[in-house]
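Notebook open, model loaded. I want to go through strands, then helices, and jot down what I find.

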Amino acid sequence: MNGDRYDDDPHDHDPHDPYDDDLSGEEDRGEEDRGDEEFDAGILEEELRQAAAVLDPVPAELQQIAVDAYALHDLDARVAELTFDSLVDALPVRGLTDVPRMLTFRAGEVTVDVEVTAQGLMGQVLPPQPARIEVLGGPRPGSPLMADDLGRFTGDAPPTGPFALRLRTGEAVVVTEWLRA
Amino acid sequence: MDRTDAAALVQAAADGDAAAWKALVEGLSPLVWSVVRAHRLSDADAHEVYQTAWFRFAQHLGRIREPGKAGAWLASTARHECLKVIRSAQRLTLTDDPRLLDRVSEEGTPEQSLLDAEEAAAQSERVRRLWQEFEELGERCRQLLRVLMATPPPSYQDVSAALGIAVGSIGPLRQRCLRRLRARLEARGAM
C-alpha cells in the first residue's frame with residue numbers, strides 16, 4: 001500500500017520534519033531545545049478530548065448505523081477479499097475524469113470482477129456460472145441482480161456509499177468485502 | 001478499550017451476543033470517527049468511511065486473527081478508506097468546516113445547560129478558542145491530535161494503525177504537537 005500521505009504532503013515546510021507546522025521562526029525552533037520540561041501534555045490533551053466530545057462527537061444516527069451493522073455478521077457466507085482496486089493499484093489516467101472503478105474480489109476459486117461507473121455497475125463471476133446477486137448498501141436487504149450463464153451481470157444504478165455484493169451460486173454464499181464506491 | 005476487553009467482546013459478538021457488539025461500537029466508535037475526522041473528509045465522505053469500517057468489521061467478526069487489536073483493525077481500515085477517498089480526486093472536498101467553530105455559540109450543548117449562563121459563556125469561549133487553535137495547527141499535528149483525543153484515549157498501537165506512523169515516534173510527536181498548541185494558546189493569551 002503506497003498511499004502514505006506522510007511522504008507527499010504539499011504543505012511541508014521542512015522535508016525533514018513532517019510535523020513542522022506554521023508557527024513561524026525563532027520561537028518554533030527554540031522550543032525543541034527546551035525538552036519535555038514540566039509541561040503536562042496530558043492536561044491539554046484531556047481538554048482537547050472534552051472539546052472534541054462537545055464540538056465534534058460521533059453523530060448519534062451514524063453510531064446507530066454501526067450498532068445495526070451487527071446484522072451483517074454472517075458466519076455462513078464466505079468473504080471475498082478485495083485483491084485489486086484500480087483506485088490504489090492502477091496508475092491514474094491523465095485527462096480522464098470519469099474513469100471506471102475496477103475491483104476484483106476473490107474467495108477461494110471464485111473471482112468476482114466488478115466495474116463501477118457513473119451509469120451503474122457491471123461484472124462477471126469466474127469461473128463462469130449463474131448466480132443470484134444482491135447489491136447491499138447496508139444492513140437492509142439490497143437490490144437483486146442475476147448473473148447469466150457466463151457469470152455476467154449488470155446493474156443500472158451505481159452503488160453510492162458503502163456497498164457489497166452477496167452472491168448465491170449453486171452451493172455457496174459469497175459476500176464481497178465492504179468498501180466505499 | 002484494553003485488549004482483554006476487546007478480545008472478550010469480539011469473541012462474544014462473534015458468538016451471537018448483540019450486547020457485546022453494541023459495547024464494541026460504543027467503545028470504539030469515537031476512535032473510528034477521530035480517524036475519519038483527522039483526514040479532513042467532507043461530512044458525506046466521513047459518514048461513508050465510518051460506515052464502511054464498521055460494515056467490514058461486522059463482516060470479518062469471528063475471522064479476525066487478533067481480536068484484542070480490534071481498535072487497531074478498525075483504525076487501519078478507516079485510514080485506508082480515507083486515503084482512497086483522498087485519491088479519488090473528483091470526490092475530494094476539503095473541509096475547513098466553519099460550522100464546527102460556530103456550533104458552541106449557536107446551538108449550545110447539553111453540558112452548558114447545567115452551568116449558569118455566565119460560566120457557560122466563559123467556558124464555551126475557552127473551548128472554542130482551544131478548538132480554533134487546534135484546527136490551525138500544521139496538518140500533521142492536527143491529524144495526530146485529532147486521533148489522540150478520541151474517547152477513551154486510544155493506545156499507541158491504535159494511533160499507529162490510524163495514521164501509519166511508528167508506535168515509537170508517537171510519544172515524542174505528541175509532546176511536541178501539544179507544546180505547539182500550548183504555545184499558540186499562550187500567544188493568543190488564551191491560557
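Before any pairing gets noted: I call two strands paired if DSSP finds at least two bridges between them. Helices (H or I, at least four residues) and strands (E, at least two) are DSSP runs, numbered from the N terminus.

Housekeeping next. This is a predicted model, where local features need pLDDT of at least 70 and side-chain atom pairs count only at pLDDT 80 or more, while totals for chains, interfaces and linings use all residues. Residues are numbered from 1 along each chain as its sequence is written, and chains are lettered from A and ligands numbered from 1 in the order in which they are written.

**Entry 1: S8 in chain A**

I started with strand S8 of chain A, residues 162-168. For burial I use C-beta atoms placed from the backbone: a residue is buried with 20 or more others within 10 Å of its own, exposed with 12 or fewer, and partly exposed in between. Six of the seven residues in S8(A) are buried, so the strand is largely enclosed by the rest of the structure.

Which strands does S8(A) pair with? I found S5(A), residues 131-136, antiparallel over five bridges. S9(A), residues 173-176, is also antiparallel to S8(A), with three bridges. S10(A), residues 179-180, runs antiparallel to S8(A) too and is joined to it by two bridges.

I checked the register residue by residue. Arg166(A) in S8(A) has Glu134(A) opposite it, and Arg166(A) also stands opposite Val175(A) in S9(A). Pro162(A) faces Arg180(A) in S10(A). The link from S8(A) to S9(A) is a hairpin through four residues.

**Entry 2: S2, S3 and S4 in chain A**

Next I followed S2(A), residues 101-107, into S3(A), residues 110-116: they are antiparallel, with seven bridges. Their hairpin has two residues between the strands, and Gly108(A) in that turn has a positive phi of about 60 degrees. S3(A) then goes on to pair with S4(A), residues 121-126, antiparallel over six bridges. That hairpin has four residues between the strands, and there Gly120(A) takes a positive phi near 160 degrees.

Glu115(A) in S3(A) is a handy marker: Met102(A) stands opposite it, and so does Met122(A) in S4(A).

**Entry 3: chain B overall**

How many helices and strands are in chain B? I count ten helices and zero strands. Of its 191 residues, 49% are buried. I take two residues as in contact if their C-beta atoms, placed from the backbone, lie within 7 Å. Among contacts in chain B with a separation of 6 or more, 67% are between residues 24 or more positions apart.

The domain assignment splits chain B into domain 1 (3-91) and domain 2 (100-187); such bounds come from an automatic or database assignment. Twelve residues of domain 1 are in contact with 14 of domain 2. On the domain 1 side, H2(B) gives the largest share, six residues.

**Entry 4: H2 against H4**

I looked at H2(B), residues 18-38, and H4(B), residues 70-87: their axes come within 9 Å and cross at roughly 35 degrees. Axes here are lines fitted to C-alpha atoms, for helices over the stretch in contact, with angles from 0 to 180 degrees between N-to-C directions. The residues that meet include Leu28(B) and Val32(B) from H2(B), with Leu74(B) and Ala78(B) among those from H4(B).

**Entry 5: H9**

Is H9(B), residues 156-163, mostly covered or mostly open? Mostly covered: six of its eight residues are buried. Asp158(B) is one of the buried ones, as are Val159(B) and Leu163(B). The buried residues pack against H2, H4, H8 (139-148) and H10 (167-187) of chain B. Just past H9(B), Gly164(B) has a positive phi of about 65 degrees.

**Entry 6: Ala7(B)**

Last lookup: Ala7(B), which sits in H1(B), residues 3-14. Why does Ala7(B) count as partly exposed? Because it has 17 C-beta neighbours inside 10 Å. Leaving aside neighbours within four places in sequence, I find Ala7(B) in contact with Pro67(B) and Gly68(B). I also checked Gln59(B), 52 residues away along the chain: its C-alpha and that of Ala7(B) are separated by 16 Å.
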